[in-house]
Amino acid sequence: MKRTDLAELGEFGLIERIKSKVTTSQPSTVYGIGDDAAVIDSGSHYTLISTDMLLEGIHFDLSYTPLRHLGYKSIAVNVSDIAAMNGIPKQVTVSIGLSNRFSVEAIDELYEGILSACKNYNIDLVGGDTTSSQSGLVISVTAIGEVAKEAVAYRKGAKANDVLCVTGDLGAAYFGLQILEREKQVFLENPNMKPDLIEHEYLVGRQLKPEGRTDVIHELKEKNVVPTSMIDVSDGLASEILHLSQHSGCGFSVFVDNLPIENKTLLMANEFKMSPITAVVNGGEDYELLMTISQQDYELVKSIPEITPIGFVTKEKNNILVTNSGEHVPITAQGWNHLTTQK
């Protein structure tokens, strides 16, 4: 029997392979595998369910990740998935796998972060599981949210001439990770050196303690606008654009000059002698929202300062970056792949 390596298939190929073998039979299952969250018909509204795992040595490094920040982030990244469906999170369950090297006080610190995030997003921690682990710390969070039936946003639905928009700024989390990795190497070479991260607080914060953009979901609701498609930027802008393109059956033109990049990100890109566009396109972990808005609705949302138009939807399935010189560069995904990359 032929053996296929997981790396050959890739994370998204594996998901599609599993999806192709799954059939649903419950009438209440509106949408299953393949989007940021599953959609369940709860009568008066849709219930949204999303699960994410964070594994030590893959998704985080405890040599520079405070447990309180890790707890907060584990909730925020799941909140982001609910927001990506245009929903509001309501409850979470948290399951953890632990080795005996963790003290009770360390777990208290992890849960301080978890509960801090729950308070910030006004969600309830309603359950979970604990088990032993021989491979370090494992955190699995399931988020449950709600959305009005007429307001749910999928990855599918983008139409030609829709405006492609993104919230916040991009690329900062990638450079936050580079700074932390650099400081770790300095420490390993000289344990007496204490890292000075204060001047990089914004970039490091974007990596260690990201925020799910539920604030934007509330603003869209106030303006009675539903994105035609939406996804959160967890694996890099290129990867998310290709997801929207695949699911919606259309293409995207993205203007490099329009990409929202914080000045601190630009300065750090220069320090690392790297193009900031590369970090934006392939970096990931920004947890901003990438969405398409009809031209009519864009007139309603263009006053929201957190939303930036970066391109438009095309009928052709070509996905391109348009540089300031007018050059067209094909968009390819080189971002975070959980089955081939280790942080």
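Which helices each supply at least two residues of the lining of the largest cavity? The first legend has the answer; note that the model shown here is predicted.

**Close-up 1. A look inside the largest cavity, about 110 Å³ in volume.**
The helices asked about above are α3, α5 (172–189) and α6 (201–208), each giving at least two residues to the lining. In total, 13 residues line this cavity, and those closest to its centre are His59, Phe60, Thr65, Lys73 and Gln207. If you go hunting for cavities of 30 Å³ or more, the count comes to 1.

**Close-up 2. The largest nonpolar core, 37 residues in all.**
Inside this core, Ile75 and Ile139 have the most contacts. At least two core residues come from each of β3 (46–55), α3 (67–83), β4 (88–98), α4 (104–121) and β6 (138–147). Helix α4 hands over the largest share, 8 residues. Zooming in on Ile75, and skipping residues up to four places away in sequence, you'll find it touching Val92, Val94, Ile114, Ala117, Ile123 and Val141. Another core of 23 residues lies apart from the largest one, with Leu170, Ala238, Leu259 and Leu321 among its members. As a general rule, nonpolar side chains in soluble globular proteins tend to be buried together.

**Close-up 3. Ile123, sitting in the loop between α4 and β5 (124–132).**
Is this loop residue buried or exposed? Ile123 counts as buried because its relative accessibility is 5%, and the cut-off for that label is under 20%. Setting aside neighbours within four places in sequence, its contacts are Ile75, Val79, Pro89, Lys90, Gln91, Val92 and Cys118. For a sense of scale, pick Lys273, which is 150 residues from Ile123 along the chain: their C-alpha atoms are 41 Å apart.

**Close-up 4. An open sheet of 7 strands with mixed pairing.**
Reading across the sheet, the order goes β8-β10-β7-β11-β9-β12-β13. The edges belong to β8 (229–232) and β13 (328–330), each of which pairs on one side only. On average, neighbouring strands are turned by 25° against each other, with direction ignored. Helix α7 (residues 214–222) lies across β7 (163–167), β8, β10 (289–293) and β11 (307–314), and its run makes an angle of about 20° with β10.

**Close-up 5. Strand β9 (residues 251–255) and its pairing with β12 and β11.**
What makes β9 largely enclosed by the rest of the structure? It earns that description because 4 of its 5 residues are buried. With β12 (residues 319–322), β9 pairs in the parallel sense over 4 bridges. Within that pairing, Phe252 stands opposite Asn319, and Phe255 has Val322 as its bridge partner. With β11 the run is antiparallel, again joined by 4 bridges; here Val254 stands opposite Gly311.

**Close-up 6. The second largest pocket, with about 310 Å³ of space.**
This pocket is lined by 16 residues, and the ones closest to its centre are Asn86, Val147, Ala148, Ala151 and Lys221. Elements supplying at least two lining residues each are β4, β6 and α7. Which of them gives the most to the lining? That would be α7, with 4 residues. You've met this helix already: α7 is the one lying across β7, β8, β10 and β11 in the sheet view.

Key: Residues are numbered from 1 along each chain as its sequence is written. This is a predicted model: local features need pLDDT of at least 70, side-chain atom pairs count only at pLDDT 80 or more; totals for chains, interfaces and linings use all residues. Side-chain values use heavy atoms; hydrogens and water are left out. A nonpolar core is a set of buried Ala, Val, Leu, Ile, Met, Phe, Trp, Tyr and Cys residues joined through side-chain atoms within 4.5 Å. Buried means under 20% relative accessible area, exposed over 50%, partly exposed in between (1.4 Å probe, protein chains only). Contact means heavy atoms within 4.5 Å. Two strands pair if DSSP finds at least two bridges between them. Axes are lines fitted to C-alpha atoms, for helices over the stretch in contact, and angles run from 0 to 180 degrees between N-to-C directions. On a 1 Å grid over the protein atoms alone, a cavity is a set of points where a 1.4 Å probe fits but cannot get out, and a pocket is an open set with protein on both sides within 12 Å along at least five of seven lines; lining residues have an atom within 4 Å of a point. Grid points are joined across faces, edges and corners, and a volume is the space filled by probe spheres set on the points.
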